[in-house]
Amino acid sequence: MSQGQPRRPQQPAGQGENQEPIKYGDVFNVSGELANKPIAPQDAAMMQTAETQVLGQTQKGGTAAVMQAAATRNEQVGVVGHTDITDIAGEQGVSVAETDVAGRRIITEAVAGQVVGQYVQATPVMTSQVGAVQQNAITIGEALEATAKTAGDKPVDQSDAAAVQAAEVRATGSNVIIPGGLAATAQSAAAHNATLDRDEEKIKLNQVLTGATAKLPADKAVTRQDAEGVVSAELRNNPNVATHPGGVAASMAAAARLNENVNA
C-alpha cells in the first residue's frame with residue numbers, strides 16, 4: 001500500500017544526558033545536509049499542516065506522525081526547543097503533493113526538496129490538480145480548521161480563546177468581536193471550561209474550530225505578521241508562556257511559512 005514509508009524512531013535504551021538526537025537520516029532515506037539535522041518540533045508542525053491541507057487529516061503512521069514522534073523525543077532529551085525549526089526545512093519548506101494516475105492516488109511528501117514519504121492508494125478518487133493546494137495560499141480559516149484536526153481534542157482555555165480572537169481580528173480587519181462568531185464562541189468555551197475539573201466534560205477545540213472558514217465573515221491568506229500576532233496572543237495568555245503543539249498559534253505559524261515558500 002505504501003512505498004518509501006518512513007521508519008518510526010526507536011526509543012533508545014539509555015536515558016543519559018549525552019543521548020544523540022533523532023536525525024532525518026535516522027528515519028528517512030535522505031542525504032546531504034538534511035540527513036544530519038535533528039528533527040525539530042516546528043518541522044513536524046509544518047508537515048502536519050501540509051498533510052491536513054492536502055489530505056484532510058494527518059496520516060496515521062505517516063510522515064507527519066513520525067516527525068512529531070521524533071521531534072517530541074528530541075525535545076524531551078533537550079537537544080531541540082519547542083519553537084525550534086531546522087534551518088534547511090525553514091528555508092526550503094515542506095510539501096505534500098497528490099497525483100492521480102490510472103485510478104491510483106499517489107501522495108508524495110518532501111522536506112527541503114527531498115522525498116521523505118510516498119504512498120499509493122488504490123481507491124479511485126475524483127480528479128484534482130496536482131499540487132493545487134500548494135499553489136494556493138493557506139487562509140486563516142483553513143489554518144484554524146487544521147487546528148481542529150491537529151489539536152482537536154484539547155480543551156479550550158484562555159490562551160486558545162485569545163489566539164482565536166487574534167486570528168479572527170486578522171481575518172476580518174476589525175477589532176469588534178462578532179456575536180456568535182469564532183472568537184465569541186471560543187471565549188465562552190474557555191469560561192465554561194474554567195468552571196469544570198474533568199477534561200471529559202470540557203468543550204474541545206474541534207467543537208469550536210471545525211468549519212472555521214464558513215464561520216468567518218471574511219478571510220485572507222496567512223502572513224508572517226498574522227502568525228506573529230496570534231503567537232503573541234497565545235503566549236501572553238498561557239501561564240507557562242508556551243504555545244500548544246499543533247494548536248492555533250502553531251498552525252498559523254506553519255501556514256505562514258508554507259505560504260512564504262509558495263510565493264518565493
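A salt bridge here is a side-chain nitrogen of Lys or Arg within 4 Å of a carboxyl oxygen of Asp or Glu. R224 and E260 fit that description, with their closest N and O atoms 2.8 Å apart. Keep in mind as you look around that this is a predicted model.

**Salt bridges**

Let's stay with R224 and E260 for a moment. R224 sits in helix α12 while E260 belongs to helix α13 (residues 248–263), so this pair ties together parts that are 36 residues apart in sequence. Both ends count as partly exposed: R224 has a relative accessibility of 42%, and E260 has a relative accessible area of 34%. Elsewhere, salt bridges with shared partners join E33, K37 and D87 into one network.

How many salt bridges are there by this rule? The count comes to 10. Three of them are set out here.

| Salt bridge | N to O distance |
|---|---|
| D226 and R170 | 3.6 Å |
| D226 and K220 | 2.5 Å |
| R224 and E260 | 2.8 Å |

D226 turns up twice in that table, once with R170 and once with K220. The link to R170 spans distant parts of the chain, since D226 is in helix α12 (residues 224–236) and R170 is in helix α8, 56 residues apart. Is D226 buried or exposed? It's buried, because its relative accessibility is 3% and the cut-off for buried is under 20%. Its partners are another story: R170 is partly exposed at 34% relative accessibility, and K220 is partly exposed too, with a relative accessible area of 27%.

**Where α3 meets α7**

Next, find helix α3, which covers residues 41–55 and includes Q48. Q48 counts as buried, at 11% relative accessibility. Leaving out residues up to four places away in sequence, Q48 touches T58, A64, Q68, T150 and G246.

One of those, T150, also takes part in the contact between α3 and α7. These two helices pack at an angle of about 105 degrees, and their axes are 10 Å apart. That angle makes α3 roughly perpendicular to α7. Which residues make the contact? From α3 come Q48, T52 and Q53, and from α7 come E142, A143, A146, K149 and T150. Sorted by type, the residues of this contact are two nonpolar, four polar and two charged.

**Helix α9 and the loop before it**

Now move along to helix α9, made of 12 residues (182–193). From its first C-alpha to its last, α9 reaches 16 Å, close to the 16 Å expected at 1.5 Å a residue. Its buried residues are L182, A183, A184, A186, A189, A190 and N193. What covers them? The cover includes α7 (140–150), α8 (158–172), α10 (205–209) and α11 (212–215). So α7, already met as the packing partner of α3, shows up again here as part of the cover over α9.

As a general point, an α-helix has 3.6 residues a turn, so residues three or four places apart point the same way.

The loop between α8 and α9 holds N175. With a relative accessible area of 66%, N175 is exposed, because the cut-off for exposed is over 50%. Its C-alpha atom is separated by 9.0 Å from that of Q165, which is 10 residues away along the chain.

Technical notes:
Residues are numbered from 1 along each chain as its sequence is written. This is a predicted model: local features need pLDDT of at least 70, side-chain atom pairs count only at pLDDT 80 or more; totals for chains, interfaces and linings use all residues. Side-chain values use heavy atoms; hydrogens and water are left out. Helices (H or I, at least four residues) and strands (E, at least two) are DSSP runs, numbered from the N terminus. Buried means under 20% relative accessible area, exposed over 50%, partly exposed in between (1.4 Å probe, protein chains only). Contact means heavy atoms within 4.5 Å. The expected span of a helix is 1.5 Å times one less than its number of residues. Axes are lines fitted to C-alpha atoms, for helices over the stretch in contact, and angles run from 0 to 180 degrees between N-to-C directions. Angles under 35 degrees count as roughly parallel, over 145 as roughly antiparallel, 65 to 115 as roughly perpendicular and the rest as oblique. Ala, Val, Leu, Ile, Met, Phe, Trp, Tyr, Cys and Pro count as nonpolar, Asp, Glu, Lys and Arg as charged, and the others, Gly among them, as polar.
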